[in-house]
Amino acid sequence: MAPAQDAVDYRKLYFDEKRKARHRNQESIAGNNSLPSSQQEEPPIPRELPEWNGGSSALKVPELNRLRDCVSNQDPGSIFYKESFLPSHFCNDLWQWLEKLPVAATAKSQKHGHWHNLHHSKRKVAVFDGSFPRPIQLIAQALIEAGIFDESVPPNHILINHYTPSQGIMPHTDGPAYFSRTTTLSLGNGQVLLHFEPRQKGAFSQRQLLLHGGGSLVVFEGDAYSHCMHSIRETDEEYETAESTCCNVPAGTKAYRQERISLTVRHRFDSGLMN
Ligand SMILES: O=C(O)CCC(=O)C(=O)O
Ligand SMILES: [Fe+2]
């Protein structure tokens, strides 16, 4: 059957984005070469960050098989999931390190690597943009090693969300400021359901994914990135129950909510602005 006129060619989109990113990198390298050397250095990592005691060697992460780890039936290329992607000792060290990140002086003063409370949702967030301290570098390296990120569009932006058991995130898309692939790692002992719903009613089926804590990895791209919104519901219930649209666990599985920290890793096209 001939493809519909308005169907999105994700292969083309992917290669276009890759080409654009490479072009930007080349431009920024060319630009940097003409700067005085004092201005060529990476933006500094804030000195107030806690010490990292979790070791410096590369993380041993499972090999990913994109076909096997793909969980969405509707669009086999768009959602991948791997439980326990990060080693458990690293998750524990990382949780402790993240809890010690400094807190921004005011809700408005967003600062690289500082926690601040979001005004509208009270959720706590911190951002690393452009330059990464050691534990975040280890994660970025592991994601490149696992083939989730290409070196031409490397992870350069990490948004860390700290949720109480009842908190969630409203339906949204991650938008065009980023390369169209989102990777989220989940820490903590609880679980949540991540909901995908089409931006245009009826365009795709709704889907759910149960995100375990303990270093699980979800990657979404393709229609899940561009044509769906994703969200985590707010609830005061002790657990949520997976529905039949859940891609990775049987319907009826309970997802027990607990305090959770997620790290959303992306390639931002104009990364470094926060510094
Ligand atoms: O915490 C999560 O799993 C989702 C976070 C998210 O969607 C975002 O930060 O854009
Ligand atoms: Fe998001």
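Here are some notes on this predicted model, going from the whole chain down to the strands around the ligand.

1. **The whole chain.** Start with the big picture: the protein chain has 4 helices and 13 strands. Of its 275 residues, 33% count as buried. Now look at contacts between residues at least 6 apart in sequence: 76% of them join residues at least 24 apart.

2. **The annotated domain.** UniProt, in an unreviewed entry, puts the feature "domain: Fe2OG dioxygenase" at residues 154–269. How much of that stretch is helix, and how much is strand? The split is 4% helix and 47% strand. While you're there, find the two end C-alpha atoms of the stretch, which are 10 Å apart.

3. **The open sheet.** One sheet to trace by eye is an open one of 4 strands, in the order β5-β10-β7-β8, with antiparallel pairing. Why do β5 (169–172) and β8 (207–212) each have a side without a neighbour in the sheet? Both stand at the edges and have a single partner strand each, so one side is left free of a neighbour. From one strand to the next, the twist averages 20°.

4. **Inside that sheet.** Zoom in on β7 (residues 191–198), which pairs with β10 in the antiparallel sense over 4 bridges. A handy landmark here is phenylalanine 196, which sits opposite histidine 230 of β10. Keep that histidine in mind, as His230 turns up again in the shell around ligand 1.

5. **Strand β13 and its partners.** Is β13 mostly covered or mostly open? Mostly covered: 6 of its 7 residues are buried. β4 runs antiparallel to β13, and 7 bridges join the two; in this pairing histidine 162 stands opposite isoleucine 261. β6 (residues 182–187) is also antiparallel to β13, joined by 5 bridges. There, threonine 184 has threonine 264 as its bridge partner.

6. **Around ligand 1.** Which residues surround ligand 1? They are Leu159, Asn161, Ile169, Asp174, Thr184, Leu194, His230, Ile232, Ser262 and Thr264. Notice that the bridge partners Thr184 and Thr264 are both in this list. By class, the shell has 4 nonpolar, 5 polar and 1 charged residues.

7. **Which strands feed the shell.** Three strands supply at least two residues each: β4 (157–163), β10 (228–232) and β13 (260–266). A general point helps when you look at them: side chains in a regular strand alternate between the two faces of the sheet. Try following that along β13, whose shell residues include Ser262 and Thr264.

Terms used:
Residues numbered from 1 in each chain as written. Chains lettered and ligands numbered in written order. Predicted model: local features only at pLDDT ≥ 70, side-chain atom pairs only at ≥ 80, totals over all residues. Near = placed C-beta within 6 Å. Nonpolar A, V, L, I, M, F, W, Y, C, P; charged D, E, K, R; others polar. UniProt positions renumbered as here; feature names shortened; annotations may be inferred. Pairing = 2+ DSSP bridges. Axes fitted to C-alpha atoms, helices over the stretch in contact; angles between N-to-C directions. Buried ≥ 20, exposed ≤ 12 C-beta atoms within 10 Å, placed from the backbone. Contact = placed C-beta atoms within 7 Å.
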